[in-house]
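Reader: Hi! I've got a structure open on my screen and would love to talk it through with you. Could you take a look with me?

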Amino acid sequence: MSTLLTIGEAAKTSGLSTKMIRHYEQTGLLKKSPRTDSGYRLYNNEQINQLRFIRQARNLGFSLNDIQSLLGLWQDPNRESRLVKQLATQHLDDIKMKISELQHMQLILTELAESCCGDENPHCSILQKLAKPD
């Protein structure tokens, strides 16, 4: 027999906030939990495991759509691991692209910051370069 947890207990156990658990239910990422006669949500072990899965995937930056796909694959005993790998690889490629973009931004901002005197003079090369057409 599985133990049923209230939303507060589910939040503590899964590492998510009660607000996020409600959000995941509203968006359909998590199946709506049954309620007691007094309206309290109750979560079973399977739902707690799904919440942990969602938290881990969110911590890795997966989108809610990707998490929905990953959950479906996780729950499908006939899944093909290549589909899981495709999702992970695509996400990794997106992360690499973002890192590259952030490094480029860092380089430009470093150059801008170094070009400004940062004194009491109103002249600021940062503002001039930002106002320049591309």
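Reader: How many aromatic pairs does the structure hold?
Author: The structure holds one aromatic pair. Keep in mind that this is a predicted model.

Reader: Which residues form that aromatic pair, and is it stacked or edge-to-face?
Author: Phe53 and Trp74 form the pair, and it is stacked. Centre to centre the rings are 4.5 Å apart, with 15 degrees between the planes.

Reader: Where do Phe53 and Trp74 lie?
Author: Phe53 is in helix α3 and Trp74 is in helix α4, so the pair ties together parts that are 21 residues apart in sequence.

Reader: Is Phe53 buried or partly exposed?
Author: Phe53 counts as partly exposed, at 22% relative accessibility; the cut-off for buried is under 20%. Trp74 is partly exposed too, with a relative accessible area of 37%.

Reader: Switching to pockets: how much space lies in the largest pocket?
Author: About 150 Å³.

Reader: Which elements give two or more residues to its lining?
Author: Those are α3 and α4. The largest share, four residues, comes from α4.

Reader: Thanks! And which residues line the largest pocket?
Author: Among them are Gly28, Leu29, Leu30 and Lys31, along with Asn44, Glu46, Gln47 and Gln50. The lining also includes Gln68, Leu71, Gly72 and Gln75.

Reader: Gly28 caught my eye. What is its phi?
Author: The phi of Gly28 is positive, near 85 degrees, and this residue follows α2.

Reader: Let's stay with α2, then. Which of its residues are buried?
Author: Helix α2 covers residues 18–26, and Ile21, Tyr24 and Glu25 are buried there. Seen down the axis of α2, the buried residues fall within an arc of 100 degrees, so they line one face of the helix.

Reader: Nice. What about the other side of α2, which residues are exposed there?
Author: Lys19 and Gln26 are exposed on that other side.

Reader: And what covers the buried residues of α2?
Author: The cover includes three helices, α1 (7–14), α3 (45–59) and α4 (64–75), together with β2 (42–43).

Reader: Last topic: which domains does the domain assignment give?
Author: The assignment gives domain 1 as 1–62 and domain 2 as 80–133.

Reader: How far apart do the C-alpha centres of domain 1 and domain 2 lie?
Author: Those two centres lie 36 Å apart.

Definitions and conventions
Residues numbered from 1 in each chain as written. Predicted model: local features only at pLDDT ≥ 70, side-chain atom pairs only at ≥ 80, totals over all residues. Heavy atoms only, no water. Buried < 20%, exposed > 50% of the residue type's maximum accessible area, 1.4 Å probe, protein only. Arc of directions from axis to C-beta. Contact = heavy atoms within 4.5 Å. Domains from an automatic or database assignment. Phe/Tyr/Trp six-rings, centres within 6.5 Å; stacked < 30°, edge-to-face > 60°. 1 Å grid on protein atoms, 1.4 Å probe; cavity = no way out; pocket = protein on both sides within 12 Å on 5 of 7 lines; lining within 4 Å. Points joined across faces, edges and corners; volume = space filled by probe spheres on them.
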